[in-house]
Amino acid sequence: MRIILLGPPGAGKGTQATNLAKRLNLTHISTGDILRQNVSSGTDLGKQAKSYMDSGGLVPDDLVTQMLKRRISEPDAKGGFILDGYPRNISQVKALDEMLEKRNTNIDLVIYLDTSESVIIQRLSGRLVCRNCGAIFHRKNMPPKNDMLCDTCCGNLYQRTDDKEETIKTRLEVYKKEVFSLIQYYEASRKLHRISADEEAGIVLNKIVHLAEERNDSLKV
Ligand code: AMP
């Protein structure tokens with residue numbers, strides 16, 4: 001199965017995609033995570049992407065699309081994946097369609113995580129990420145057992161530079177400008193389902209799993 005999670009920064013796409021991947025045995029592909037890894041290891045891609053990411057803007061389409069093409073060609077993506085952070089605009093939607101068409105596959109389900117602005121700000125300003133494995137925590141909602149250390153790998157936790165208030169505003173503006181056309185596109189192909197993502201993570205996950213199972217059953221008919 002190939003699933004896209006859409007939603008504003010702070011909707012919980014990363015948390016949901018990680019948990020959903022475990023539940024459905026799919027590969028979680030986050031373009032933001034791959035870009036951050038490239039920035040921290042100082043690759044050419046990371047050097048080109050850094051300034052866009054720091055300002056809250058989008059990294060140029062061709063860079064991200066090439067990166068995604070390589071990632072979905074890896075063996076672990078063959079059995080299906082969950083995309084988190086891609087596509088971000090209509091040109092990425094088209095690039096993704098082309099990529100999948102060449103592989104005789106398609107997107108099966110698109111889930112839009114509808115989230116109110118107050119929840120977004122509250123989630124992003126408290127978000128902590130593990131520098132080592134990328135696991136996500138929250139100062140209040142999901143605090144680590146040990147202060148600023150990852151529960152999974154004991155790596156150091158940090159606040160993403162783009163989770164600062166000023167950058168959050170820019171990211172939300174960029175998001176709002178592009179999301180409408182994505183929703184329209186996937187609604188027209190009857191793949192889009194909306195879920196309220198303001199609720200607690202476990203409740204949202206169960207709703208997504210339910211939709212994925214329904215879709216999976218309909219693919220078998
Ligand atoms: P995210 O982790 O999805 O919030 O992404 C963090 C940042 O990485 C974004 O603000 C963008 O600068 C960049 N980024 C991630 N995915 C994409 C994408 N599909 N297209 C362009 N830029 C992206």
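Strand β5, residues 127–130, pairs with β7 in the antiparallel sense, and two bridges hold the pairing. Within it, Val-129 stands opposite Tyr-158 of β7. Everything described here comes from a predicted model.

These strands belong to an open sheet of three strands, in the order β6-β5-β7, with antiparallel pairing. Because β6 (136–138) and β7 (157–158) each have a single partner strand, they stand at the edges, and one side of each is left without a neighbour in the sheet. As a general point, strands of a sheet pair through backbone hydrogen bonds, either parallel or antiparallel.

Let us stay with β6 for a moment, since His-138 is found in this strand. Is His-138 buried or exposed? His-138 has a relative accessible area of 7%, so it counts as buried. A polar atom of the His-138 side chain lies 3.0 Å from the backbone nitrogen of Lys-140.

**The cysteines**

How many disulfides does the model have? The count comes to zero. Take Cys-150: its closest cysteine sulfur is that of Cys-133, at 3.8 Å, which is too far for a bond because a disulfide needs the two sulfur atoms within 2.5 Å. Cys-153 is in no disulfide either, and the nearest cysteine sulfur, in Cys-130, is 3.5 Å away. As for their surroundings, Cys-150 is buried at 2% relative accessibility, whereas Cys-153 is partly exposed with a relative accessible area of 28%.

A further cysteine, Cys-154, lies in the loop between β6 and β7. Cys-154 has a positive phi of about 65° although it is not a glycine, and at 54% relative accessibility it counts as exposed.

**Around strand β3**

Now to another set of strands. Strand β3 covers residues 81–84, and both of its faces are covered: Phe-81 and Leu-83 are on one side, Ile-82 and Asp-84 are on the other, and all of them are buried.

Strand β1, residues 2–6, runs parallel to β3 and pairs with it over four bridges. Here Arg-2 stands opposite Phe-81. Strand β2, residues 27–30, is also parallel to β3 and is joined to it by four bridges. In this pairing, Asp-84 of β3 is the bridge partner of Ser-30.

Ser-30 itself has its place in strand β2. With 7% relative accessibility, Ser-30 counts as buried. A polar atom of its side chain lies 2.9 Å from the backbone nitrogen of Asp-33.

After β3 comes a loop that leads to α5 (90–102), and Pro-87 lies in it. Tyr-86 and Pro-87 are joined by a cis peptide bond, with omega about 0°.

On the other side of α5, Asn-104 is found in the loop between α5 and β4 (109–114). Asn-104 has a positive phi of about 55° although it is not a glycine, and it counts as exposed at 73% relative accessibility.

**The ligand and its shell**

Which residues come nearest to the ligand? Of the 16 residues around it, these are Thr-31, Arg-36, Gly-57, Gly-85 and Gln-92. Helix α2 (residues 31–40) gives the largest share of the shell, with four residues. By type, the shell divides into six nonpolar, five polar and five charged residues.

Some of the polar contacts with the ligand are set out below.

| Residue | Protein atom | Ligand atom | Distance |
|---|---|---|---|
| Gly-85 | polar backbone atom | nitrogen | 2.8 Å |
| Gln-92 | N or O atom in the side chain | nitrogen | 2.9 Å |
| Arg-88 | polar side-chain atom | oxygen | 3.1 Å |

How much of the ligand does the protein cover? On its own the ligand has 480 Å² of accessible area, and the protein covers 96% of that.

**A pair separated along the chain**

One last stop is helix α4 (residues 61–72), where Lys-69 is found. Lys-69 is partly exposed, with a relative accessible area of 34%. Along the chain, Lys-69 and Met-99 are 30 residues apart, while their C-alpha atoms are separated by 7.0 Å.

Key. Residues are numbered from 1 along each chain as its sequence is written. This is a predicted model: local features need pLDDT of at least 70, side-chain atom pairs count only at pLDDT 80 or more; totals for chains, interfaces and linings use all residues. Side-chain values use heavy atoms; hydrogens and water are left out. A residue is near a molecule or strand if one of its heavy atoms lies within 4 Å of it. A polar contact is a pair of N or O atoms within 3.5 Å; within protein, one must be able to donate a hydrogen and the other to accept it, and residues adjacent in sequence count only if both atoms are side-chain atoms. Accessible areas come from the Shrake-Rupley method with a 1.4 Å probe; for residues, only the protein chains shown count as cover. Ala, Val, Leu, Ile, Met, Phe, Trp, Tyr, Cys and Pro count as nonpolar, Asp, Glu, Lys and Arg as charged, and the others, Gly among them, as polar. Buried means under 20% relative accessible area, exposed over 50%, partly exposed in between (1.4 Å probe, protein chains only). Two strands pair if DSSP finds at least two bridges between them.
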